[in-house]
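Biologist: I should like to learn how to read the features of a model in an orderly way. Where should one begin?

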Amino acid sequence: MNYETVIGLEIHAQALTQSKMFCACSIKFGSEPNSNICPVCTGQPGSLPVANKKAIELGIKAALALNCKIEPSSIFARKNYFYPDLPKGYQISQYDKPLATGGWVDIDVDGVTKRIGITRLHLEEDAGKLVHVGADRIMGAEESLVDYNRGGTPLMEIVSEPDIRSAREAAVYTETLANLLRYIEVCDAKMEEGSLRCDANVSLRPVGQKEFGTKTEVKNMNSFKAIEKALLSEEKRHEEVLEEGGKITQETRFYSEETNTTSGMRSKEEAHDYRYFPEPDLPPIEPDDKWIEEIRQSLGELPQKRRQRLIDQFGLNTESASILVYDKPLANFFEDTTKLYDKGAVVANWLTGEVTAYLKEKKKTIEELDLKPPQLAELLKLIDEGTLSGKLAKGVLVKVIETGKQVKDIVAESGAQISDQGELNKIIAEVIANNTKVVADYKGGKETALTFLVGQVMKLSKGRANPALANQLLKEALT
Amino acid sequence: MRIDVEHVAKLARLGLTDEEKKLFGPQLSAILGYAENLNQLSTGNVLPTSHAIPIKNVLREDKVIPCANVDDIMANAPDEADHMFRVPRIVE
Ligand SMILES: [Zn+2]
C-alpha cells in the first residue's frame, strides 16, 4: 500500500533573556550546579512567580514574525506531573489560552515554496537538568543528580499544524524557523546547545484517507540532519508495522544517532493526565494595541522580504541572497559594502565565497573579524583598477583578516607586488618603447598621459607593480 | 458523583490502604457532589473566571538578582552530591 506521512512539530525555543521566566535568577549557561536558583524556581512554599516582561515581548515578537494573532487575553496554567527535574510538581505553561494562535511560515523545500500552518505559540518554563549516575542515560542509571540552574528558563513553544509531509520538509521547517528566530533576535537557536529543541508527531495513513493514523512522538533530535534521519527511520518503522498488518502504539520514542533508530522508553506507557488548571499566582497577559504595535515596529524587515529585496536591488541569485540573509551581520556587512562599492553581485560573491569559507573554517562570525566594509570595498576597487588580480586579492583578503592591517599596506608588503626598482625599470622601458606617441604627448606637457602609462605598467606586470613606485620611476624615466 | 480514588491517589503519588480508600472515596464524592450544586445556576452570561481579582500584566523587568539563600535551599535537599539534588533511580 502507498502511505502518506503526516508530521507536526513542536519547537521549544529559548527566549533570549538575562533572567528566568518567573524569577530573577540568571539563565547563564555553564554556571556551577545549582548556583542560579532561588525559592521561586525551586518551588519553595510561599514563593510567588512574576512573569518576565522581556520574555513576553520576545514571545509576541516571534508570534508576529510567524503571522500569528496575538490573543487579547492569555493565561498561564499548571501542568501537573511528577518528575525529579520539576521541583514544584508542575510546570508553568499555557494551555487553553496561549499567547498567540493561527499563523504560518513559508518554507523553501528544494526550490518549491510550501506554507506550513502554525497552530499556536505559548510561553512556559524549562525543567532542570538530570545527570544520571551509573549509566549515560536514564535507563540503567542507579541514581540521578539534579541541577536546577536551567529550571525556569523561558521557552517559546511553537506548535505547527500537521502540514508537514516528509522528513525533509520537517528538517527544512525547523531550519527556517531557527533562522527566523535568530534573525529577529528572540532566540540564538543552537540545536547542538539545546537552545532550540524539536519534538515530532509522526503518523502514516493510506494515500487518499482523510483520518490520521496513530501517531508516535519522536524526541532527542539534536541537529537538522538528525531530524531528517530520525523521521525517515520512524516513517520506515511505521510502514513496516502497518504492512505486516500490525498496529502502531501511541507512545514517545527516543532517537539514537548511533543506531539511527527510535526506541520506546517503557513497555507500558501510561496515558498522561496533566490536570491543567489556571495558575492562580500569575494574572492574565493582556497586551494592548500600543504595546503590540511597538513590538511590531521593532521587527524591521523580515528575512524573506529582505532576501527578495537583495535579489531585486542587486541582482543576486537566490542562493547567495539566502546565505546572506540567514546571517544577519553578514547581510548588514553586504549592504554597508555596497554603499562604498556598487557592484552588489561582486560583493556577494566574495562574502558568500571566500569570506564565508574562511568563517566556516575558523568557526567565527563576521563580527569577530578585523575585516570591515571599507576594506573589502577598497580591495574590490583595486581589482577593478587592475592593481590586483582576483587571485592575488584572495591572498590579500586573508592577510587583512588575519593581521587587521590596511589593504594598501598588505598590498605593499606582499611579495606579490613588484617593488624592486630594477625589475620595474625593465617594465617601464618596455612601456616607453611601445607607446612612443603617448610618451611624446607627456613630454609635450600633457600631464594626464602619465596615468595611461602607469596603467600600462600595471597591465604589463599583471597588476603586480607597486603603483606609487611605478609612478615615481616612470616620471624619472621620462625626464 | 463517584470518584476513582485509586486513580487520584496514583496521580498524587499517595499510597492508600484499602481502609483509607473506603474512607476517602465517599468523602471526595461528597465534595464533588457539593460543587455540583453550581450546575443549578445559570452561568450563560458569565465569562470563565481564571482569577478572582481583575488584575492583568503584572510583570517584572528582565534583571538578574542573585539569590542570597542558595545554601538554605540546598539544605532542604533530602540528599545531596556535588552540590546537586540526589534522587533515587527514576525508571525501573
Ligand atoms: Zn529562581
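Modeller: Begin with the elements: helices (at least four residues) and strands (at least two) are DSSP runs, numbered from the N terminus. The model is a predicted one, and chain A holds 15 helices and 15 strands.

Biologist: How does the radius of gyration of chain A stand against that of a compact globule of 479 residues?

Modeller: The rule for a globule depends on the number of residues. A compact globule of 479 residues would have a value near 23 Å, whereas chain A has 30 Å. Along the principal axes, the C-alpha atoms of chain A fill a box of roughly 100 × 55 × 50 Å.

Biologist: What share of the residues in chain A is buried, and what share of the contacts between residues at least 6 apart joins residues at least 24 apart?

Modeller: A residue is called buried when its relative accessible area is under 20%. By that criterion, buried residues account for 50% of the 479 residues in chain A. Of the contacts between residues at least 6 apart in sequence, 68% join residues at least 24 apart. The exposed area of chain A is about 22,900 Å², and carbon and sulfur atoms supply 50% of it.

Biologist: How should one read the order of strands in the open sheet of chain A?

Modeller: Strands of a sheet pair through backbone hydrogen bonds, in either the parallel or the antiparallel sense. In chain A, an open sheet of nine strands runs in the order 3-6-7-10-1-11-12-13-14, with mixed pairing. Strand 3 (69–70) and strand 14 (261–264) of chain A stand at the edges with a single partner strand each, so one side of each lacks a neighbour in the sheet.

Biologist: Which strands pair with strand 1 of chain A?

Modeller: Strand 1 (residues 3–14) pairs with strand 10 (residues 154–160) in the antiparallel sense over five bridges; there, I11(A) has I158(A) as its bridge partner. Strand 1 also pairs with strand 11, again antiparallel, over 11 bridges, and L9(A) has A200(A) as its bridge partner.

Biologist: Is strand 11 of chain A largely enclosed or open?

Modeller: Nine of the 11 residues of strand 11 (residues 196–206) are buried, so strand 11 is largely enclosed by the rest of the structure. Strand 11 and strand 12 (residues 216–219) pair in the antiparallel sense over three bridges, with A200(A) opposite V218(A).

Biologist: What covers the buried residues of helix 6 of chain A?

Modeller: In helix 6 (residues 318–325), the buried residues are S320(A), A321(A), S322(A), L324(A) and V325(A). Their cover includes helix 2 (167–183), helix 5 (303–314), helix 7 (328–338) and helix 8 (344–362) of chain A.

Terms used
Residues numbered from 1 in each chain as written. Chains lettered and ligands numbered in written order. Predicted model: local features only at pLDDT ≥ 70, side-chain atom pairs only at ≥ 80, totals over all residues. Heavy atoms only, no water. Rg over C-alpha atoms; globule rule 2.2 N^0.38 Å. Buried < 20%, exposed > 50% of the residue type's maximum accessible area, 1.4 Å probe, protein only. Contact = heavy atoms within 4.5 Å. Areas by Shrake-Rupley, 256 points an atom, 1.4 Å probe, with all protein chains shown as cover. Pairing = 2+ DSSP bridges.
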